[in-house]
Amino acid sequence: MLKDKVVIVTGGAGLIGQEFIRAIIENNGIAIIADINESLGLSVKNEISLELNTTNIDFVKLDITSKKSIISC
C-alpha cells in the first residue's frame with residue numbers, strides 16, 4: 001500500500017505522531033518525523049528504528065507556525 005512512498009508526519013514526535021510513524025513503516029513506507037522538538041524527534045527516530053529494525057525513517061526539525069522554517073526545508 002505505501003511501498004516506497006515518503007510520508008511526512010508533522011508533530012511526528014508526539015504520541016499520536018509516533019503511532020502514525022509505526023503504521024507507515026509497518027506498511028513498507030518511508031517515514032519522515034517533522035517536529036519542532038529536535039531532541040525528542042531524534043529520540044523517537046532511534047527508538048522506532050530499533051523497535052522495527054528499519055532505516056526507512058528520518059527526522060527533520062520543523063516549526064510549521066513559521067513560514068521561514070518551512071521554506072528552509
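**Exercise 1. The span of helix α1**

Task: Compare the end-to-end reach of α1 in this predicted model with the span expected for a helix of its length.

Solution. Start with the count: α1 has 12 residues. Next, take the reach from the first C-alpha to the last, which is 17 Å. At 1.5 Å a residue, the expected value is 16 Å, and the reach of α1 is close to it. Finally, look just past the helix end, where Asn 28 takes a positive phi of about 65°.

**Exercise 2. The two faces of α1**

Task: Work out which residues of α1 are buried, and how they are placed around the axis.

Solution. Begin by listing the buried residues of α1: Gly 17, Gln 18, Ile 21, Arg 22, Ile 24 and Ile 25. These residues cover an arc of only 160° around the axis, so they sit on the same side of α1. Some background helps here: an α-helix has 3.6 residues a turn, so residues three or four places apart point the same way. Now ask what the buried residues pack against: the partners are β1, β2, α2 and β3. Then turn to the face that points away from the buried side, which carries the exposed residues Leu 15, Ile 16 and Glu 26.

**Exercise 3. The largest nonpolar core**

Task: Find the members of the largest nonpolar core and the element that gives the most to it.

Solution. In general, nonpolar side chains tend to be buried together in soluble globular proteins. Here the largest nonpolar core has 11 residues: Val 9, Ala 13, Ile 21, Ile 24, Ile 25, Ala 31, Ile 33, Val 44, Ile 48, Ile 57 and Phe 59. Sort them by element next: α1, β2 (30-35), α2 (38-52) and β3 (57-61) each give two or more residues. The most comes from α1, with three residues. To see one member up close, pick Val 44: leaving out residues up to four places away in sequence, Val 44 touches Gly 12, Ala 13, Gln 18 and Ile 33.

**Exercise 4. Two polar residues in helices**

Task: Decide whether Gln 18 and Ser 49 are buried or exposed, and name their contacts beyond four places in sequence.

Solution. Take Gln 18, in helix α1. Its relative accessibility is 11%, under the 20% cut-off, so Gln 18 counts as buried. Beyond four places in sequence, Gln 18 is in contact with Gly 12, Ala 13, Val 44 and Ile 48. Now move to Ser 49, in helix α2. At 15% relative accessibility, Ser 49 also counts as buried. With neighbours within four places set aside, the contacts of Ser 49 are Thr 54 and Ile 57.

**Exercise 5. A glycine in a loop**

Task: Locate Gly 11 and describe its surroundings.

Solution. First, place the residue: Gly 11 is in the loop between β1 (6-10) and α1 (15-26). Second, check accessibility: at 36%, Gly 11 counts as partly exposed. Third, collect contacts beyond four places in sequence: Gly 17, Ala 34 and Asp 35. Last, compare sequence and space for Gly 11 and Gly 41: they are 30 residues apart in sequence, and their C-alpha atoms are 8.9 Å apart.

**Exercise 6. Following the salt bridges**

Task: Trace the salt bridges of Arg 22, then examine the pair Lys 45 and Asp 58.

Solution. Side chains of opposite charge can pair when their charged atoms come close. The structure holds five salt bridges. Arg 22 forms one of them with Glu 19, with the closest N and O atoms 3.2 Å apart. Glu 19 and Arg 22 are three residues apart in helix α1, so about one helical turn separates them. Their accessibilities point to unlike settings: Glu 19 is partly exposed at 48%, whereas Arg 22 is buried at 11%.

Arg 22 also forms a salt bridge with Glu 51, at 3.0 Å between the closest N and O atoms. This pair links distant parts of the chain, since Arg 22 is in helix α1 and Glu 51 is in helix α2, 29 residues apart. Glu 51 is partly exposed at 44%.

Now take Lys 45 and Asp 58, whose side chains meet in a salt bridge of 3.7 Å, N to O. Lys 45 lies in helix α2 and Asp 58 in strand β3, so the pair ties together parts 13 residues apart in sequence. Asp 58 is partly exposed at 39%. To finish, join the salt bridges that share partners: Glu 19, Arg 22, Glu 47 and Glu 51 form one network.

Key: Residues numbered from 1 in each chain as written. Predicted model: local features only at pLDDT ≥ 70, side-chain atom pairs only at ≥ 80, totals over all residues. Heavy atoms only, no water. Helix = DSSP H or I, 4+ residues; strand = E, 2+ residues; numbered from the N terminus. Buried < 20%, exposed > 50% of the residue type's maximum accessible area, 1.4 Å probe, protein only. Contact = heavy atoms within 4.5 Å. Core = buried A, V, L, I, M, F, W, Y, C linked by side-chain atoms within 4.5 Å. Expected span 1.5 Å × (residues − 1). Arc of directions from axis to C-beta. Salt bridge = Lys/Arg side-chain N within 4 Å of Asp/Glu carboxyl O.
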